[in-house]
Amino acid sequence: MSSEPLLSVQNISKKFGGVLALSGVSLDIFRGDIVGIIGPNGSGKTTLVNAITGFITADSGKVYYQGNDITNWEPHKIAAQGLTRTFQVMRPYFSLPAYKNLIVPLFSPRARRTGGWRGGGKMGSRDTVAVDILEEIGFERDSYVPFKVASSLPTGYLKRLELARCLALRPEVIICDEVFSGLSMSEMATMVPLMEKLQMEGITLIMVEHRLRELFRLAGRVVVLNFGCKIAEGTSDEVMEYPEVKEAYFGSEEVFDYV
Amino acid sequence: MSGPKGDRRKERLDRGIKVRSDGVYAISSWQEITYLIAPRLLLILGLALAPLLLSAFPYWQRVVSIICVYALLAMGFDFLANYVGLVSLGGGFYVGVGAYATALLNTKFGLPPFVTIPLATMLGAMICTVLFLPCLPLRGVYFAIVSLMYPLLAARIIEALDIFGGTDGVLGVDGFANMWVDQYLLVLSVLVLVFVLRRLVEEDIGLVFRGVKDNDQAVKASGININHYKALGVFIASALGCLGGACLTHMYMWAGLSQFALDFSIIPIAATVVGGGGTLIGPVIGCLILVPISEILRDFGSLRIAVYSIILTGFIVFKSEGIMIYAARKYEQFERWVEI
């Protein structure tokens, strides 16, 4: 592992009116990591993701990616660098079939550059790549699922579709905003190995999660946020020993047998 | 069997021939080919023969040209609203810019109509796109309001500064060699462009446009600059409008403030509602219905707008899906009552 972090967030702050959503959060992500970001509701997890990916402008602080200062770049430029994200609320292009949803990212300048397939402009070729990506992410090729209209797909597939949209860009980093929430136990059971597979392929994953059990199986390092501040960082066992973390999750009681 | 006895539900099923001819590109039976081609041929022949059939009535021949101008605008509106997500009321602006561009090119540089029309279409569309650039981040009703301001603003600026002939307009523009030329120029433009646009929205780039409409956040997160695509969408729609305006100018041999009229902004919307939005052919059908009605109603004098409004309201209340969507459903599906 190189000593230079792939993604480095330094002292980032964001205010919404009088509410301090993020106050001086710093974070280093190294290539190949799976890093979890956890915290109670309203602790600033999604705001942090939005600030990194340019969907909101940070008031102060810096974001460095591959050594470049990408603070407050436009979202599409950041995505074009290979720093992609999923959304917590999945809104696919509902009127299009699932595989057609992937044509949009495959049409982007980055995908055209990194696509690695020939005849990128020829008719049909993007469709084939789209179905391949969907198969990789867990859509059954021989069924009609990839060809169903996105509005008729269940949550599990929509979450996968979000991930597939990132994968179509051949990303370096995927920031997953709550991929496990809203899934059934069996859907989650297939999602965990999928994330492991993505890591094996060399993709760095940042996972914002509420499902701690699944997250702790995956993440080597966990960052805990509360009221916009980083209150703990370390392995899953380490962070759960912090008194601040226990207090944030359970009040000041000592009971902790969730994990 | 559940539910009370005698309850019935309407069931819609695709016709067999529709299923058989869906997505098949090999030559199949005559029946299926006819099934696919018949509705398209109806539109093509209907529009292409209209000037010929009406050759005894020069007034109504002129109406066909007007219908085509409105159809171009309505297609542009439908494309922008239902495929790019920008509700544009700037139809009058597109027509006006195209009209003044072609008139000035013709009178100042002496270029013939067959040079000025394509030139004015491209040049006018570029001007419109550049002027609309600051508004592109706006969405929904905000974009609609701002785009409505453009034609009003342009007309007032020309009036106040007395440029381009002021309130008199640009006079002495060359006409077409004869009436058939402008008739068929417009009819062919509409027919070609409607099918070009329908193909475009199914292509990969069209899917990006639709993505911008459905969820611009996801398009941004896919590494695509949505403003580029919105600008391209405005360029396409305004090119359609400018083409209409340019033809109109050579038809009237005059470009004036009335080409920034709000009619050009409003009637395309009404046509899209009546014809069925999101089909691109629907707006053309809407224009084929609304513009002649508007001409017939001239006899009613000032009651014209009232009758027109009643017809429009009737359509919106009773057939809000639009003629094209309704007809396509009847053509592709049959209905039956089933007991539940």
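Okay, let's start in chain A, with strand β3, residues 34-38, and strand β9, residues 221-226: the two run parallel and are joined by four bridges. Keep in mind that this is a predicted model. If you want one spot to look at, find Ile38(A), which sits opposite Val224(A) in β9(A).

Quick background: strands in a sheet pair through hydrogen bonds of the backbone, and they can do that parallel or antiparallel.

Now zoom out from that pair. What order do the six strands of the open sheet in chain A come in? Reading across, we get β6-β7-β8-β3-β9-β10, with mixed pairing. At the edges we have β6, 83-85, and β10, 229-234, of chain A, and each of those pairs on one side only. As for the twist, neighbouring strands in this sheet are turned against each other by 20° on average, ignoring direction.

Right, over to chain B and a pair of helices. Helix α4 covers residues 91-109 and helix α5 covers 113-132, and they pack with their axes 8 Å apart, at an angle of about 135°. So what do we call α4(B) and α5(B), relative to each other? They're oblique, because 135° falls outside the ranges for roughly parallel, perpendicular or antiparallel, the last of which needs over 145. The crossing of α4(B) and α5(B) is right-handed.

Who's touching whom? On the α4(B) side, the residues include Phe93(B), Val97(B), Ala101(B) and Leu105(B), and among those they meet in α5(B) are Ile117(B), Ala120(B), Gly124(B) and Ile127(B). Sort the residues of this contact by type and you get 12 nonpolar, six polar and no charged.

Notes
Residues numbered from 1 in each chain as written. Chains lettered and ligands numbered in written order. Predicted model: local features only at pLDDT ≥ 70, side-chain atom pairs only at ≥ 80, totals over all residues. Axes fitted to C-alpha atoms, helices over the stretch in contact; angles between N-to-C directions. Parallel < 35°, antiparallel > 145°, perpendicular 65-115°, else oblique. Left-handed = near helix turned anticlockwise from the far one by under 90°. Contact = placed C-beta atoms within 7 Å. Nonpolar A, V, L, I, M, F, W, Y, C, P; charged D, E, K, R; others polar. Pairing = 2+ DSSP bridges.
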